[in-house]
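Please find below my notes on the chain contacts and on one strand of the model. They are set out as numbered points, to be read alongside the structure.

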Number of protein chains: 4
Amino acid sequence: MIRVAVVGAGLVASHYAAGLQRLKRAEIEPYGVPLAKFKVIKDYVEEEVVSAYDVDANKVGKPLSEVVKRQLEGVVPVPPDVPDFEVREGVLASSGAGLDKMFPVRGRDQKLPLKEAVEEIAKEFKSDNVNVVLNLISTEPAEPFGDEGKLAKALERGEVSAGQAYAFAAYLAAKDSGKPVAFINLIPTPLANDPAFVKLYEDANSLVLGDDGATGATPLTADLLEHLAERNRKVRYIVQFNIGGNTDFLALTIPERNLMKEKTKSSVVEDILGYDAPHYIKPTGYVEAIGDRKFVAMDIEWITFNGLVDELIVNMRINDSPALAGLAVDLVRLAAALLEKGVKGTFYDVNAFFMKNPGPKEARNKARIKAYYDMISALRELGVIVE
Amino acid sequence: MIRVAVVGAGLVASHYAAGLQRLKRAEIEPYGVPLAKFKVIKDYVEEEVVSAYDVDANKVGKPLSEVVKRQLEGVVPVPPDVPDFEVREGVLASSGAGLDKMFPVRGRDQKLPLKEAVEEIAKEFKSDNVNVVLNLISTEPAEPFGDEGKLAKALERGEVSAGQAYAFAAYLAAKDSGKPVAFINLIPTPLANDPAFVKLYEDANSLVLGDDGATGATPLTADLLEHLAERNRKVRYIVQFNIGGNTDFLALTIPERNLMKEKTKSSVVEDILGYDAPHYIKPTGYVEAIGDRKFVAMDIEWITFNGLVDELIVNMRINDSPALAGLAVDLVRLAAALLEKGVKGTFYDVNAFFMKNPGPKEARNKARIKAYYDMISALRELGVIVE
Amino acid sequence: MIRVAVVGAGLVASHYAAGLQRLKRAEIEPYGVPLAKFKVIKDYVEEEVVSAYDVDANKVGKPLSEVVKRQLEGVVPVPPDVPDFEVREGVLASSGAGLDKMFPVRGRDQKLPLKEAVEEIAKEFKSDNVNVVLNLISTEPAEPFGDEGKLAKALERGEVSAGQAYAFAAYLAAKDSGKPVAFINLIPTPLANDPAFVKLYEDANSLVLGDDGATGATPLTADLLEHLAERNRKVRYIVQFNIGGNTDFLALTIPERNLMKEKTKSSVVEDILGYDAPHYIKPTGYVEAIGDRKFVAMDIEWITFNGLVDELIVNMRINDSPALAGLAVDLVRLAAALLEKGVKGTFYDVNAFFMKNPGPKEARNKARIKAYYDMISALRELGVIVE
Amino acid sequence: MIRVAVVGAGLVASHYAAGLQRLKRAEIEPYGVPLAKFKVIKDYVEEEVVSAYDVDANKVGKPLSEVVKRQLEGVVPVPPDVPDFEVREGVLASSGAGLDKMFPVRGRDQKLPLKEAVEEIAKEFKSDNVNVVLNLISTEPAEPFGDEGKLAKALERGEVSAGQAYAFAAYLAAKDSGKPVAFINLIPTPLANDPAFVKLYEDANSLVLGDDGATGATPLTADLLEHLAERNRKVRYIVQFNIGGNTDFLALTIPERNLMKEKTKSSVVEDILGYDAPHYIKPTGYVEAIGDRKFVAMDIEWITFNGLVDELIVNMRINDSPALAGLAVDLVRLAAALLEKGVKGTFYDVNAFFMKNPGPKEARNKARIKAYYDMISALRELGVIVE
């Protein structure tokens, strides 16, 4: 069994928890789980959600099954065996700003110093025998620390983001128990891209994978750009709009919270083309009625042979949360398998395929199709994929 | 110098001839020439068009420069140094049917038996010291022969297509002169996919590359499908329409001529997904006013995690002929380099990236991004790419 | 009460029958019923399906409610009070060709001469006190007769289409009973555009509305073209593809059946622009997995001020059958109201908004937005719309 | 002759000036000039640009012909007879904020009190015998005054926008000379929507038409929404993105300047649908490489009959400036004709078709197709259109 703590009990967590049970009951095929057709030494049916954390006062203290049902009603059937333990109170840390415009917030660090709250959560991870922590909280503003000293001091002062706080808690649990923990960071906060965290995890024989799960338009954009680059077509410009009605888009309407997204998304252009083509790549707005099935529009012009101009327009409707949940299903078992094989720190070959901003810091984005084949090879070599 | 005979003096040939001169004059960047950024042992400035063949009575006997100017007027500037030798009369062979609905036709085989006409052209290739024959004639109905005996007999009876006739002429020239020739087949006629031709070329230390240059929507479709397959998304269906105003689309309106295209285009779905998703992938119609910048529309639906349905719509405006001409620029020098390295028969690693229906016959389509990296490796190993 | 006979128990009939009951039960809002917000002297809750006809052996003799359930399962909830009378055997007439490639066919005219079969159906219409016949059979090949003599002779010889046969039966019922009947023709067969039928209906104080219900892309195209025409933008070309997975698209794959559609669709260009811009407007293919929610792609280029070129690309996903069923809800009550006001023959002002090919024959297509306001005025003047 | 002063010598002014000369020389057809096919009592060949004003230091003092050539180079041919008088220095007024991030600014009101600068310009209008002032300056922040007293006081204090300042100058010229002047406001500044200006113009027997020329996506959106409303389809949401590379989009990147656009654009939804469907309709960004041919993406979902959901996606490439210039060609002659017919204040029937935010203040948006026919009727009745 792989014991999973879920941080952030939102739509992605709900799709993860409900989808996992439906997979175990064979109610659905493992579509959207990239490596489902390979034999991985850890099967996804071994995954089990053992705890969940949130700062939405409407969720804290409620059974997870109830929270999941509320969020997925009318979208997909929710099986009866979603765990019904109570969602625990999480931490707000320095990234709570503006959250209260979205829902009533509460966090342990409203009563305790942040550092103590983090230590408390670390103890819970430990006593729950958590193997993998899945970070699914809302996009938050956060900067990398670079070295562990600075991180330690910032924690002391309560100046780390919630994502950083949970990652630190997972590290503490591993350090303290002597049992490795994997932290999977599916949001933009730089963790696998922060040398401070990578070093800490290495010290604890643990693993941080990240950053920012590569769903939606970014990995497709990467592959489209690679497609053009391989034909030496000169990109005149690339434009990409995103609009949706889930919490992630709602957060964009709050000025304090919409900066991180933009940062990870744009790097892809220069990394793949080799030059910085003019671009506008941004989540653009929030319309509740769109729901979780976001609308994406892209326009790309390039110069083809003999100086003529071609154009490609892409429009997509993507179920944002299930796409990320499908990646999580694979990442959890991969993380467990990698720990078993003794991998520690972070692991670029997996990050490069699964993440928008693959760590470690100095690593570049590459076309996902290329990243995919490189990852498969690396996992075979390690004995993680066995057939 | 690489001496090139161009078969089919249409829009692609015009873009090739004019673009090549503009490249030599440094009037344009080599955009759309895939390997321009690599050091290949043959440079494209070494390419030189030394003869051209056609069956359009309005082109035969006219200076190539005049034919090129007529076709590119108002589209791109035509440099003054496009060769002005006269376009020679080609052969109609068994594939002339319906061509006369598009233009007045004439061919040597109206006066001579086809076999003699082919031998005559072989002599011309030989006396012109042609290194590479570029096949750019209109899409034609044609079936593979499988073995050389059948091919020989069919030629005797005049029952080979024009593409097959030119390919045979090139083989004869190589055989007879003892100097290898490369034949680059950018149309759907199965040549690199016909064991008969591959065997003949092998015997003559020569090379046939093909079939059907991978421009337009097909290679993009291949990469999009690979993108979905790697995420284990289940494709519900894929639809792709193409409409344009060039001769290739005009030919579609002639029932005798529109079958080949469909055949090569659909195989991509099963080859890449591993299952035959419902699809409709066809050149759809002809509207002269659209010109050479064809319009492509695609719609794909797939099942994502937890059983939900996503949708991707792609619309493109693609300059059809320059795209193919850009590939030709690279293929000519690669073919010359491969001959120099002693490669004979056909060469899958190059075909897999450049062709819609990569030969040899038993080979499968693969995602172009993957094919690209495999090709680069293979070419480096052979010493064709040196840096 | 308005007593309705439905001819063709397919998907549109199912949406009509089920949707009508849901409207009566106030389970749905009258979205897609154009005049729902106006006070019309006949309310749609007065409509009642009293009989249904089909030539699919799997439907004939089955309760309508069962046929409806089978077709709408998993699409919309079917209320329990859809009528459960048995679907009656219809006529194949001259338009049965190819139908058997879609389903097992049976028709009264396999046993009886067509004329007698028509008379039999006329008697049924009469004894059922049918007020309105709704023609929803599959698209069929058919030509107008022009005068009643020719029509009579053709019927004698069994050489009328099924749509023409039902229209004649409805006329006979009206003539014979002295009670007016309305025939609403929602398929391309020329009835309101055939002076022969218009004259017959006039003689029987009855009304034929048609032809071909204006759903999907055609009315939108009409409004887009009007939009361009009013700004004096010169359309360079217009392309429109349609693909779907319902019976209507399946019929296109049968060569004998795909001609009518093309005819009605293209006239819109010249009617509205005043010149025949190059166009390709056609239902393009059939992919079952697309289902009833068809995919439409359009591309329009025009010349704007100072000679520059603009482009508009439209992609749609349209539920084909409910759209037509929504129009039927309005047309049935309008037809009943018009009969009450003494209107006979045909009625252009309603046809011009609701039909792709509005009768009478000499009438032109006009922008739907204009047609809408003209229709509202005409209906107010007649006292059909009262508020 | 109709003597025209152009305020704002940017891209629209350049297309207007160059296109007008090309029309007079019959080098182009009057495409994009809506009423070109009607006989209007004033012909557009009577229009003549007699002066131009700007605050870009790179334009002030330069011959108009040179400014036009610089801006249209490589886009359209510029005829030799574009007037070569010098562009005059305009006013910055209260709306100069941020302009200096786009170009070096200079204005008369840097040296003079604004009121005196306005009076100076009024004198120039008068001595130039200007009949029509065409307002084409950059989008600016501005609020309506409501009554003339407030406007007068604001001018005293220098607290009016540049658009308001020019409109006041035109009024002064008319008042002073006793000869009516028309002011055509093609930017969002509320002038025809400000009772203060409408009243002033009425007093001077003059005419203000506005506000904000209806090009691009807004009038198309209006017609699409009307199309849906007439079928009683319930709009679930509407999303519209715009991105371009001209000065108008550049101005959006300057926070002080991007508010006005949003305001006029959104009102269209409720005005036409009758309810405020969830929407996001905004100019979204600036990418210089896109140039003047902006990219627009729209996504609309609606509920159709029986509760099912349809979707419409629109993508456009629109040459922004020529579209507006084409409207200007018509508006100038219409304004002159309306003045001749004694119309004063503002004129809703023309505004409703040509403007995004048609004045007077209390007027609503209506579908453009409807507005078009209403305008034609009104102009015929007045004798402005005579055939």
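**Notes on the interfaces and on one buried strand**

1. In this predicted model, the contact between chain A and chain D takes 22 residues from chain A and 22 residues from chain D. Chain A and chain D bury about 1,900 Å² between them, and carbon and sulfur atoms account for 70% of that area.

2. Across the interface of chain A and chain D there are 6 salt bridges, including the one that D:Arg317 forms with A:Glu311, in which the closest N and O atoms lie 2.7 Å apart. The interface of chain A and chain D also has 10 residue pairs in polar contact, with both residues at pLDDT 80 or more. On the side of chain A that touches chain D, at least two residues each are supplied by β7 (234-244), β8 (279-286), β9 and β10 of chain A, and by class this side has 13 nonpolar, 4 polar and 5 charged residues.

3. Turning to chain B, 58 residues of chain A are in contact with 58 residues of chain B, and the area buried between these two chains is about 5,100 Å², of which 57% comes from carbon and sulfur atoms. Within chain A, the residues that lose the most area to chain B are A:Tyr31, A:Phe305 and A:Asn306, which together make up 17% of what that side buries.

4. Between chain A and chain B the count of salt bridges is 0, whereas 28 residue pairs, both at pLDDT 80 or more, are in polar contact. The elements of chain A that give two or more residues to this side are α1 (11-24), α7 (217-230), β9 (293-303), β10 (309-319), α10 (320-340) and α12 (368-382), and the largest share, 11 residues, comes from β10(A). By class, the side of chain A that touches chain B has 34 nonpolar, 10 polar and 14 charged residues.

5. The strand β10(A) is joined by 7 bridges to strand β10 (residues 309-319) of chain B, and the two run antiparallel. In this pairing A:Glu311 stands opposite B:Arg317 in β10(B), while A:Glu311 has its salt bridge with D:Arg317.

6. In chain C, strand β4 (residues 132-135) is covered on both faces, with C:Val132 and C:Leu134 buried on one side and C:Val133 and C:Asn135 buried on the other. Strand β1 (residues 2-7) of chain C runs parallel to β4(C) and is joined to it by 4 bridges, with C:Val6 opposite C:Leu134. A further 4 bridges join β4(C) to strand β5 (residues 182-185) of chain C, again in parallel, and there C:Asn135 stands opposite C:Asn185.

Note on methods. Residues are numbered from 1 along each chain as its sequence is written. Chains are lettered from A and ligands numbered from 1 in the order in which they are written. This is a predicted model: local features need pLDDT of at least 70, side-chain atom pairs count only at pLDDT 80 or more; totals for chains, interfaces and linings use all residues. Side-chain values use heavy atoms; hydrogens and water are left out. Contact means heavy atoms within 4.5 Å. Buried area is the accessible area (1.4 Å probe) that two parts lose on being put together, summed over both. A salt bridge is a side-chain nitrogen of Lys or Arg within 4 Å of a carboxyl oxygen of Asp or Glu. A polar contact is a pair of N or O atoms within 3.5 Å; within protein, one must be able to donate a hydrogen and the other to accept it, and residues adjacent in sequence count only if both atoms are side-chain atoms. Ala, Val, Leu, Ile, Met, Phe, Trp, Tyr, Cys and Pro count as nonpolar, Asp, Glu, Lys and Arg as charged, and the others, Gly among them, as polar. Two strands pair if DSSP finds at least two bridges between them. Buried means under 20% relative accessible area, exposed over 50%, partly exposed in between (1.4 Å probe, protein chains only).
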